[in-house]
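Trainee: I would like to learn how to read a structure like this one. Could you walk me through some features?

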Amino acid sequence: MCRFITKHGLGALLRAAAGKYDVFVPAQREGRGVYTRLSSNGAAVETGPVRTVDPLKAFFVKPRECVAEGFSPVPPLTENRPLCVVGVKACDLKGFRIQDFVFAGEEFRDPFYCRARNESLIISSDCTSALDTCFCEAFDERPYPRGDFDLNLSPVDGGYVVEMGSEKGAALIASCPGAAAEAAQGQTEARDRQRDEVSAKVRRNLKEFQVPSQQALAESVERHYESTVWKEEAETCVECGACNTICPTCHCFLLYDQKDAARMVRFRAWDSCLMKGFARVAGGANPRRELSQRLRNRFEKKFSFFPKVAGEYACTGCGRCISACPGKIDIRRVMKRLSEHV
């Protein structure tokens, strides 16, 4: 059963959540969505029309984090309060599936990531628009969440249609008696119409930019492994690593030690497979010395490695890498070239 909550009611719900969680909500900065802490001044909360600039992964695997102190076998877990992230879009929720495979698998489990995932509350929301760079439907995703959330909000006139996806989400609703009522049929129908309209916008993007489906990408990297496409696409790459850091599925990291007179600590920091030193080993050997090799590796991992080991393409169609790349390397163009049988 779906519920309906007014915008005022959502504010009350999030203020209740703030009693337990550090609450982050989307906000507009210079025309772009970013996450910010929930204001305590009662300002209205918006869920944002499209995904934020910053990927959701930044809350769960920090760009730089202390993961060991001295020689203690006990990880230095902090006493931070759990997170509540509001307005998460479907493309970032798909990113969770890749991050979970890497950091919360059966063989290796990262204690920092797992604790953050287990304790956090995710309040997702439908996209109400689509950027020119959005192409989630190429991977059979939709611009609205279909799972992996605690609560989902679908904006309609006067408020939101609410879906509960977990006991944690239901408990938050129950903590605010009267905040949410049963949704009327007209409200769920309005939600469905809006979803269809936004999906149609994304599909128009696919047609305009000739983005192939994920089925057309099967074994595409293998077919083009020695192709000139990699050198041609790498010509404008400036090796900044923005495509890696902004991607909701990229997860590679570097471990390094730092010490002073008082203590020695080990840090984990985000790394980028586009950087020349990424694959370099002791003695200076580097199996991916050429930039074109490193660009190929990025696509190989997304479109060949992950489908084989996890059954998922490691791309969400969020389009962040297109917006962030100063070299104008468009992943949709590369996908199209890979899908061609030459």
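Mentor: Gladly! Let us start with enclosed space: helix H10 makes the largest contribution to the lining of the second largest cavity, three residues. Keep in mind that this is a predicted model.

Trainee: How does one find empty space in the first place?

Mentor: The general idea is that rolling a probe the size of a water molecule over the atoms shows where empty space is left. Here, the second largest cavity has a volume of about 160 Å³. It has 18 lining residues, and those closest to its centre are Cys237, Cys243, Leu295, Cys325 and Ile329. H9 and H10 are the elements that give two or more residues to this lining.

Trainee: What classes of residue make up the lining of the second largest cavity?

Mentor: The lining of the second largest cavity has 13 nonpolar, three polar and two charged residues.

Trainee: How many cavities of 30 Å³ or more does the structure hold, and what is the volume of the largest cavity?

Mentor: There are six cavities of 30 Å³ or more, and the largest cavity has a volume of about 190 Å³. Its lining counts 18 residues, with Asn244, Thr249, Cys250, His251 and Cys252 closest to the centre. Helix H9 (242-245) and helix H10 (291-310) each supply at least two lining residues of the largest cavity. The largest share, five residues, comes from H10. By class, this lining has seven nonpolar, six polar and five charged residues.

Trainee: And what about the largest pocket: how much space lies in it?

Mentor: About 430 Å³ of space lies in the largest pocket. Its lining is made of 21 residues, and Phe59, Lys62, Thr78, Asn80 and Ala116 lie nearest the centre. Strand S2 (22-29), helix H2 (57-60), strand S4 (64-69) and helix H4 (111-119) each supply at least two residues of the lining of the largest pocket. H4 gives the most, with four residues. Sorted by class, the lining of the largest pocket has eleven nonpolar, three polar and seven charged residues.

Trainee: Let us turn to charged residues. How should I read a salt bridge?

Mentor: Side chains of opposite charge can pair when their charged atoms come close. This structure holds 25 salt bridges. In one of them, glutamate 137 pairs with arginine 203, and the closest N and O atoms are 3.6 Å apart. The two partners come from distant parts of the chain, 66 residues apart: glutamate 137 is in the loop between S6 and S7, and arginine 203 is in helix H6 (residues 185-208).

Trainee: Why does glutamate 137 count as buried?

Mentor: Glutamate 137 counts as buried because its relative accessibility is 9%, and the cut-off for buried is under 20%. Arginine 203, in contrast, counts as partly exposed because its relative accessibility is 43%.

Trainee: Which residues does glutamate 137 touch, not counting residues up to four places away in sequence?

Mentor: With those set aside, glutamate 137 touches Arg142, Pro143, Ser199, Val202, Arg203 and Leu206. So that you can find the loop on screen, its flanking strands are S6 (121-125) and S7 (151-156).

Trainee: Could you show me another pair?

Mentor: Try lysine 308 and glutamate 222, whose side chains meet in a salt bridge at 2.9 Å, N to O. This pair also links distant parts of the chain: lysine 308 lies in helix H10 and glutamate 222 in helix H7 (residues 220-223), 86 residues apart. Lysine 308 counts as exposed because its relative accessibility is 62%, while glutamate 222, at 35%, counts as partly exposed.

Another pair is glutamate 340 with lysine 336, where the closest N and O atoms are 3.0 Å apart. Glutamate 340 is partly exposed, with a relative accessible area of 34%, and lysine 336 counts as partly exposed at 25%. Salt bridges that share partners also join Asp126, Glu163, Arg191, Asp192 and Arg195 into one network.

Trainee: Finally, how do I check the length of a helix?

Mentor: Take helix H3 (residues 90-103): at 1.5 Å a residue, its 14 residues should span 20 Å, and its end C-alpha atoms are 20 Å apart, which agrees.

Trainee: Is H3 mostly covered or mostly open?

Mentor: H3 is mostly covered, with ten of its 14 residues buried. Among the buried residues are Ala90, Leu93, Phe96, Ile98 and Phe103.

Definitions and conventions. Residues are numbered from 1 along each chain as its sequence is written. This is a predicted model: local features need pLDDT of at least 70, side-chain atom pairs count only at pLDDT 80 or more; totals for chains, interfaces and linings use all residues. Side-chain values use heavy atoms; hydrogens and water are left out. On a 1 Å grid over the protein atoms alone, a cavity is a set of points where a 1.4 Å probe fits but cannot get out, and a pocket is an open set with protein on both sides within 12 Å along at least five of seven lines; lining residues have an atom within 4 Å of a point. Grid points are joined across faces, edges and corners, and a volume is the space filled by probe spheres set on the points. Ala, Val, Leu, Ile, Met, Phe, Trp, Tyr, Cys and Pro count as nonpolar, Asp, Glu, Lys and Arg as charged, and the others, Gly among them, as polar. Buried means under 20% relative accessible area, exposed over 50%, partly exposed in between (1.4 Å probe, protein chains only). Contact means heavy atoms within 4.5 Å. A salt bridge is a side-chain nitrogen of Lys or Arg within 4 Å of a carboxyl oxygen of Asp or Glu. The expected span of a helix is 1.5 Å times one less than its number of residues.
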